[in-house]
Structures are given as C-alpha cells and as structure tokens.
2 protein chains.
Amino acid sequence: MIDKLISKIQKTGAPIVVGLDPMMKFVPEQIKKRAFQECGETLEGAAEAVWQFNKGIVDAICDLVPAVKPQVAMYEQFGVPGVEAFRKTVNYCKEKGLVVIGDVKRGDIGSTSEAYAVAHLGRVQVGSQAYRAFDEDFATVNPYLGSDGVKPFLKVCKEEKKGIFVLVKTSNPSSGEFQDRLVDGKPLYQLVGEQVAAWGEECMGSGSYSYVGAVVGATYPEQGRIMRKVMPKAFILVPGYGAQGGKGSDLVPFFNEDGLGAIINSSRGIIAAYQQEQYAKYGAENYADASRAAVLAMKEDIAQALAAK
Amino acid sequence: MIDKLISKIQKTGAPIVVGLDPMMKFVPEQIKKRAFQECGETLEGAAEAVWQFNKGIVDAICDLVPAVKPQVAMYEQFGVPGVEAFRKTVNYCKEKGLVVIGDVKRGDIGSTSEAYAVAHLGRVQVGSQAYRAFDEDFATVNPYLGSDGVKPFLKVCKEEKKGIFVLVKTSNPSSGEFQDRLVDGKPLYQLVGEQVAAWGEECMGSGSYSYVGAVVGATYPEQGRIMRKVMPKAFILVPGYGAQGGKGSDLVPFFNEDGLGAIINSSRGIIAAYQQEQYAKYGAENYADASRAAVLAMKEDIAQALAAK
C-alpha cells in the first residue's frame with residue numbers, strides 16, 4: 001500500500017491528504033436540511049448529513065489527491081449511525097481510487113491492539129467466514145504502550161500489505177509536555193522515531209520506503225528536520241498545515257532529497273474552505289468547488305515551497 | 001460518578017471491575033450456534049453472540065461488583081454491528097446498576113479529543129436536539145498528546161459528573177519501553193502521574209477522590225506503590241490481575257490507608273472462567289455461573305491480601 005500511495009503521489013503531483021473530519025458546523029445548511037427532513041434531527045440525520053457532505057467533497061477532489069484521512073472521532077460522536085457513515089466514507093473513497101488513512105490513533109496491550117488492527121486493517125474470523133470491518137489502507141497508531149501495542153498492527157500490515165503511521169511528534173500546542181522531555185539527552189519523540197525506524201526495517205515496500213510511517217506536525221518544522229534524518233525510510237504524515245498554523249515553507253524539512261517521504265494533511269482548510277473569506281464567492285451551495293480550489297492552492301503552495309528549497 | 005463508584009465499592013465490598021472483552025474464543029459454542037442460526041456466520045451473528053454472552057455474565061455478576069469495563073476494540077473488530085453490541089452492552093450494564101468504564105484509550109488533539117469526549121461521556125448536538133452516543137460513565141484516556149488531549153475530557157466530565165482514567169503505567173510487558181524512561185531522574189510515567197494529580201485537583205468528587213483517575217498495571221506493584229503517593233486523590237484502575245499475571249498480594253500497594261483508591265480489573269479470568277481447569281466443572285452451558293464463582297474467588301483473594309497488609 002505504501003507503493004500505491006507513492007505512485008499516486010507521483011501521478012497527482014500532490015503530496016496531499018485531505019482530512020475528512022466533518023464537524024456539523026462545517027456542513028452546509030442545505031445538506032443538513034435535506035438530511036434532517038429525511039431522517040429527523042437524530043443521530044441518523046447527522047450521520048446522513050456527514051455522509052452527503054463527504055461524498056460531495058470526495059467527488060470534487062478525488063482526481064487531485066492521492067489520499068484522504070477520515071478522523072473517526074468525528075463519526076463516533078454520532079454513535080452507531082456515525083460509525084456507519086465512517087464505514088461508508090472509507091468504502092466510497094476506495095471505490096474512487098483514493099488511499100484511505102484511518103485516523104484512529106488506536107493502541108493498547110497486545111491482544112487488544114490485535115483486535116484494533118483486525119478491525120481497521122485486517123479481517124475478523126466469524127465461524128468459517130472472514131470479514132473486513134472497516135478496511136482502511138493505513139491507520140494511525142499511538143505508541144505510548146510500546147512495542148507490544150504496535151507489533152500486532154505490523155503483523156496485520158504484512159499480511160494485508162497495508163501500513164501504519166505512528167504518532168511521533170503531534171501538531172498540537174501541548175505536544176511537548178511529554179513528547180519533548182529529554183531522555184538521555186534526546187527528546188522522547190526522537191526515541192519513538194528511532195523505534196519507528198527499527199519497526200520499519202522489516203516492513204519495507206518495494207522501493208526506498210517502509211510501510212511503517214510516522215506522524216510529525218507541520219507546526220514543528222525543526223523537529224521535522226531532525227526526524228527526517230532519524231527515520232529516512234519512513235513516510236511522514238504531516239498534520240497541522242493550514243488551520244493549525246503550518247505554512248508551505250514549514251513543510252520542506254519533512255521531504256527527502258527524492259522529493260518524497262512526506263504527505264501533508266489539511267482538514268478544515270479544505271473541507272470547510274467555503275467558510276473562509278478567500279473562497280466565500282463559491283457559497284455554501286458550491287462548497288465542494290471551494291474545496292477543490294483550496295486543494296489546488298495547497299498543491300501550488302507546496303510545489304513552490306519545494307521548488308524554492 | 002466517582003462518588004457512585006466509591007459507594008458501590010463499599011456496598012459490594014468488592015473493589016473489582018469485570019472486563020467485558022469478549023473474544024470469540026471465549027464465547028461458548030451453544031451461544032455462537034444460536035446466534036449464527038439466527039443471523040448467519042456474519043458480523044451481525046458475531047455481534048449477537050457477543051451480546052448474548054455479555055448479557056449472561058452481567059446477569060450473573062451484577063449484584064457482586066460495582067463496575068464493568070467493556071474494551072471497545074473487541075467490539076470494533078466486528079464492525080458496525082459490533083459497535084452496536086458495545087452500545088447495547090453499555091446500556092444494559094447501566095440498567096443493571098453497574099458503573100461502566102469504557103476502555104477506549106482515546107486521546108487526540110484538542111478538537112478531536114472533544115469529539116471523543118462527547119461520543120463516550122457527553123451529548124452531541126444535532127440541530128435543536130442533543131443525543132448521547134455511547135454514554136459510558138468513565139472512559140480511559142491516552143496522555144501521549146499532553147494536556148490539550150486530556151482537557152476536553154475534563155470539561156465534559158465536569159458537565160456530566162463523569163470521570164476518566166488516564167494511562168500512566170500500563171500492564172503490558174513492553175510498557176517500560178517509553179513509560180519507564182527517565183526524565184530529570186524520574187520515569188515518564190511518574191511525570192504523567194503528576195499531571196494526573198494536577199488535572200484532578202480541579203475535578204474533585206464530594207469526598208477525598210478526584211474523578212480524574214489513572215491506569216497502573218497490577219503487573220508493576222512497585223511502580224504502583226510510588227504512584228499511590230504521587231497521586232493520593234486519584235482512583236487507580238488496575239488491569240493485569242489474573243490472566244496477565246498479577247496476584248492478590250501485588251494489589252496492596254495500589255490502595256490507600258482508607259482501603260479505597262483502587263479498583264482491580266479482571267477480564268478473561270472472569271468472563272472465560274469456565275475454560276479454566278479450576279472452573280471446568282461448570283461446563284460451557286453454565287459459563288456465567290463459572291464467572292460468578294471466579295468473581296467471588298477474586299473478591300476473597302483481594303480481601304485476604306488487604307487484611308494481611
């Protein structure tokens with residue numbers, strides 16, 4: 001799957017993943033109105049609104065980007081119907097040829113991580129049958145529990161030719177509270193990054209990259225520069241561009257000399273573009289066109305930054 | 001909710017939480033057979049089997065223990081029907097008067113943690129209506145992202161009078177890989193524990209305990225002793241008893257002088273008791289009676305250990 005992700009990045013020329021994190025405040029009124037007319041102001045209605053919203057965006061951007069990253073929390077909050085909307089979104093994106101990164105940040109003791117790995121990347125056995133529960137291509141994984149929380153994901157990734165992105169240095173303001181603390185003179189995130197590199201050694205795609213990637217926030221470009229060297233074969237998933245404050249020029253350190261090695265996420269900067277002054281001319285009715293324009297602008301911003309490096 | 005948990009511990013005399021982590025291999029054949037006859041060997045069939053299995057156990061133990069802890073991964077692996085079985089299990093346990101600790105180990109950047117907090121402990125707004133998606137009483141939280149990943153949970157806890165247990169030192173073999181690393185001469189888990197104490201200061205129940213608790217594994221009693229002092233007002237959720245290797249005598253350091261402050265989890269040791277030699281006489285047909293016997297034995301083991309201290 002890392003090979004597919006790389007080939008799609010090369011084909012689209014856009015190392016971009018669109019975060020499908022549909023908060024209700026991003027969903028245009030006309031979509032909510034239709035969904036509530038059909039299902040009422042219920043969890044089902046919210047899930048239907050989210051699904052229709054996503055579908056519009058995916059249709060508008062699927063030829064431009066290699067991947068999407070649905071954030072499962074935004075679906076879980078709408079209960080079982082929300083989780084069904086997550087499943088439908090994953091499936092629809094895959095039908096449209098997109099690589100799907102499930103932003104689930106799971107991680108637990110071994111037997112439990114195994115169940116999460118099965119849920120999101122693998123197949124579960126039911127009697128004589130096997131089923132795929134959610135079937136993303138990649139999942140994000142929290143490393144706090146150490147190797148036994150991560151290895152069950154690696155096992156499933158090997159079987160299914162899928163991948164993970166392990167949280168190393170997250171994009172949020174307080175990420176340094178634990179992640180930056182020095183251990184033997186090195187920040188904790190660097191220790192985690194070294195483990196990501198070690199886990200990745202035995203999980204190589206057919207080219208120079210492993211299918212064990214890392215998450216490092218665009219909001220921390222200096223740390224990105226260091227982690228790029230610590231994990232040369234890891235693809236870095238970079239959140240924090242746009243709404244969280246990361247700029248095009250901040251992204252350069254995350255890429256390798258081959259122009260690869262990083263994929264930049266933007267969520268509300270793309271999916272709620274129509275709510276920004278810059279794209280207000282599209283109006284809520286044409287929110288998906290605004291998202292398309294925002295993707296094109298982001299693609300240009302990254303290309304310029306990489307060209308100027 | 002911490003007050004309710006404490007009062008139920010005192011009433012039952014059992015500082016015990018039963019982990020409802022229903023792997024398919026724990027579910028007796030007769031339950032699987034009935035569920036598959038009704039729903040086929042499908043995700044729906046698996047979810048029905050899990051739900052019927054849980055129901056039997058809950059009916060057999062609900063008068064003995066204060067709380068249960070469903071592990072959401074075991075449900076997620078069965079997809080949307082599995083998540084529905086999780087929801088039904090949570091609701092049923094609450095109907096039976098049990099405190100429900102959702103073992104979800106969520107944690108993310110602020111806006112995303114907010115969605116998780118809403119999903120598992122709060123209410124989500126849909127138009128003019130508000131709904132509870134899963135509605136556990138407590139949730140477990142992963143601290144790797146720092147305060148902004150935890151504070152949205154605290155906000156919802158304050159509004160809803162619910163609580164969280166933050167992962168501090170987990171029970172698994174490799175938990176030391178990152179958690180034990182020394183930062184300024186103290187292990188990382190201790191720093192996290194100090195934060196748990198700080199977060200808890202502003203979240204006190206009506207007695208001596210905060211509704212910000214911590215997870216410290218029974219498999220690490222020495223670390224438990226230290227953390228008991230670092231977080232005197234935090235209730236400690238202690239996994240790892242039984243199947244993971246923790247013994248009754250290991251549990252003493254987790255309790256305060258008042259005999260409170262800890263709640264011990266056992267999952268497969270209780271729910272799959274009928275598969276152990278000790279309880280084999282019950283047979284698969286009476287698996288729930290075996291679970292009841294295992295709870296009584298665990299209660300006795302803990303009482304003896306505490307009496308001998």
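Two strands pair if DSSP finds at least two bridges between them. Keep that in mind as you open this predicted model, for our tour begins at a barrel.

**Stop 1: the barrel of chain B**

Select chain B and colour its strands. Eight of them close into a barrel, and the order to follow around it is β1-β2-β3-β6-β7-β10-β11-β12, with parallel pairing. As you step from one strand to the next, the twist averages 30°.

Now zoom in on residues 236-238 and 262-266 of chain B. These are strands β11 and β12, which run parallel and are joined by three bridges. Which residue of β12(B) is the bridge partner of Val238(B)? Show both side chains and you will find Ile264(B) there.

Next, add residues 147-160 of chain B. This is helix α7, packed on the sheet. Three strands of chain B are touched by α7: β6 (138-141), β7 (163-169) and β10 (212-216). Compare directions while you are here: that of α7 makes about 150° with that of β7(B).

**Stop 2: a helix pair in chain A**

Move over to chain A and select residues 188-201 together with residues 221-230. You now have helices α9 and α10, whose axes lie 9 Å apart and make an angle of about 30°. Angles under 35 degrees count as roughly parallel, and α9(A) and α10(A) are therefore described that way. Their crossing is right-handed.

To see where the two helices meet, show side chains. On the α9(A) side, pick Tyr189(A), Gln190(A), Gly193(A), Glu194(A) and Ala197(A). Facing them from α10(A) are Gln223(A), Ile226(A), Met227(A) and Val230(A). Colour this contact by class and you get five nonpolar, three polar and one charged residues.

**Stop 3: the two chains together**

Zoom out until both chains are in view. How many residues of chain A are in contact with chain B? There are 59, and they meet 60 residues of chain B. On the chain A side, the residues that touch chain B divide into 29 nonpolar, 21 polar and nine charged.

Finally, try superposing the copies. A turn of 180° with a shift of 0.0 Å along the axis lays chain A on chain B, with an RMSD of 0.0 Å. The two copies are thus related as by a two-fold rotation axis. The same surface serves both copies, with 100% of the contact residues of chain A recurring in chain B.

To find the axis in your viewer, select Val183(A): of the residues of chain A, Val183(A) comes closest to the rotation axis, with its C-alpha at 2.7 Å.

Technical notes
Residues are numbered from 1 along each chain as its sequence is written. Chains are lettered from A and ligands numbered from 1 in the order in which they are written. This is a predicted model: local features need pLDDT of at least 70, side-chain atom pairs count only at pLDDT 80 or more; totals for chains, interfaces and linings use all residues. Copies are superposed by least squares on the C-alpha atoms of residues with pLDDT of at least 70 in both. Two residues are in contact if their C-beta atoms, placed from the backbone, lie within 7 Å. Ala, Val, Leu, Ile, Met, Phe, Trp, Tyr, Cys and Pro count as nonpolar, Asp, Glu, Lys and Arg as charged, and the others, Gly among them, as polar. Axes are lines fitted to C-alpha atoms, for helices over the stretch in contact, and angles run from 0 to 180 degrees between N-to-C directions. Helices (H or I, at least four residues) and strands (E, at least two) are DSSP runs, numbered from the N terminus. Angles under 35 degrees count as roughly parallel, over 145 as roughly antiparallel, 65 to 115 as roughly perpendicular and the rest as oblique. A crossing is left-handed if the near helix is turned anticlockwise from the far one by less than a right angle, and right-handed if clockwise.
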